[in-house]
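These are my notebook entries on one chain. I record what I looked up, entry by entry.

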Amino acid sequence: RKGATMRRVCAWCRAEMGMVAGSSHSHDIVSHGICERCVDNLTFQTGVPLQQYLDSIPVPVLALDSNIIIQAVNAKGCEILGKERREVVQHLSGNVFECAHARLPEGCGRTVHCSGCAIRRSVIRTYETGEPLALVPATLSRSAPHAPCAVELTITTIKAGNVVYLRVDRLEQEVLPAQRHDIP
């Protein structure tokens, strides 16, 4: 299909930004960019404290450094994580998201499971290449006090300066059925 188009949506606030040219395989594909309002917010941040800037964003956002340590989180991020800012800032992402593998003796980022972590891989890729990633699916296991659970996330990353902003597009927790230990 010559002249195919696809929808363009802001990767941060999800505002519609019109249509853009696409490939012949682009039907129903969405292109992500950044709208003027969000660009203005990014520009605005140069004279505003990071926390004030983040809190102006109406979706959950965390700012991470190259070591996957959270440098800042907005109010929506605290809300979706169910944590206070002090429980998030200066902590590794696996600890904040309560990943079961982060609780292993090796800790977040050093277990055999960490190389497959979509959050870690996305943040590192965006940090190293500057390439934003949109709507990346991620799954992590949590060892809850009464029952293990799986957390399904969808994340978007974008680099600005020395941090990668990670937007949590979706976070759903599912309690896994308890294993039966009946004696036959």
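**Entry 1. Overall layout**

Which pattern does the chain follow when read along the sequence? I read it as β-β-β-α-α-β-β-α-α-α-β-β-β. I note at the outset that the model is predicted. The secondary structure comes to 5 helices and 8 strands. I then looked up burial for the chain: of its 184 residues, 40% are buried.

**Entry 2. Cysteines**

How many disulfides does a search of the whole structure find? The search returned 0. I followed this up with two individual cysteines. For C99, the nearest cysteine sulfur belongs to C117 and is 6.5 Å away. A disulfide requires two cysteine sulfur atoms within 2.5 Å, so this distance rules out a bond between C99 and C117. For C114, the nearest cysteine sulfur is that of C108, at 5.6 Å. C114 is likewise in no disulfide.

I also checked whether these two side chains are buried or exposed. C99 has a relative accessible area of 13% and is buried. C114 is buried as well, with a relative accessible area of 10%. Both values fall in the buried class because the limit for that class is under 20%.

**Entry 3. The largest pocket**

How much space lies in the largest pocket? I recorded about 280 Å³. The pocket is lined by 21 residues, and the closest to its centre are C99, H113, C117, T139 and L140. C99, already entered above as buried, is thus one of the residues closest to the pocket centre.

Which elements supply at least two residues each to this lining? I listed α4 (93-96), α5 (118-129) and β6 (133-143). The largest share comes from β6, with 4 residues. By class, I entered 12 nonpolar, 8 polar and 1 charged residues for the lining.

**Entry 4. L140 and E98**

I next took L140 from the pocket list. L140 is in strand β6, the element with the largest share of the lining. Its relative accessible area is 9%, and L140 is therefore classed as buried.

Which residue did I compare with L140, 42 residues apart from it in sequence? The partner is E98, and the two C-alpha atoms are 8.6 Å apart in space. E98 lies in the loop between α4 and α5. At 27% relative accessibility, E98 counts as partly exposed, whereas L140 is buried.

**Entry 5. Backbone angles**

I looked up positive phi values in residues other than glycine. E98 has a phi of about 60 degrees, although it is not a glycine. Q90 also has a positive phi, near 70 degrees, and is a residue other than glycine. Where is Q90 placed? I located Q90 in the loop between α3 (75-81) and α4.

**Entry 6. Rings and charges**

How many aromatic pairs does a search of the whole structure find? I entered 0. A contact between a charge and a ring was listed, however: the charged end of K159 sits over the ring of Y127, at 4.4 Å from the ring centre.

**Entry 7. Separations along the chain and in space**

I closed with three further residues, each placed in a strand and compared with a partner.

M6 belongs to strand β1 (residues 5-10). With a relative accessible area of 15%, M6 is buried. M6 and M19 are 13 residues apart in sequence, and their C-alpha atoms are 5.5 Å apart.

P148 is in strand β7 (residues 148-160). Is P148 buried or partly exposed? I found P148 partly exposed, with a relative accessible area of 42%. From its C-alpha to that of A100 I noted a separation of 8.9 Å, for residues 48 positions apart along the chain.

R167 is found in strand β8 (residues 163-175). Its relative accessible area is 1%, and I entered R167 as buried. R167 and T156 are 11 residues apart in sequence and 5.1 Å apart in space, C-alpha to C-alpha.

How values were computed:
Residues are numbered from 1 along each chain as its sequence is written. This is a predicted model: local features need pLDDT of at least 70, side-chain atom pairs count only at pLDDT 80 or more; totals for chains, interfaces and linings use all residues. Side-chain values use heavy atoms; hydrogens and water are left out. Buried means under 20% relative accessible area, exposed over 50%, partly exposed in between (1.4 Å probe, protein chains only). On a 1 Å grid over the protein atoms alone, a cavity is a set of points where a 1.4 Å probe fits but cannot get out, and a pocket is an open set with protein on both sides within 12 Å along at least five of seven lines; lining residues have an atom within 4 Å of a point. Grid points are joined across faces, edges and corners, and a volume is the space filled by probe spheres set on the points. Ala, Val, Leu, Ile, Met, Phe, Trp, Tyr, Cys and Pro count as nonpolar, Asp, Glu, Lys and Arg as charged, and the others, Gly among them, as polar. Rings of Phe, Tyr and Trp (its six-membered ring) pair if their centres lie within 6.5 Å; planes under 30 degrees apart count as stacked, over 60 as edge-to-face and the rest as tilted. A charge sits over a ring if NZ of Lys or CZ of Arg is within 6 Å of the ring centre and within 35 degrees of the ring normal.
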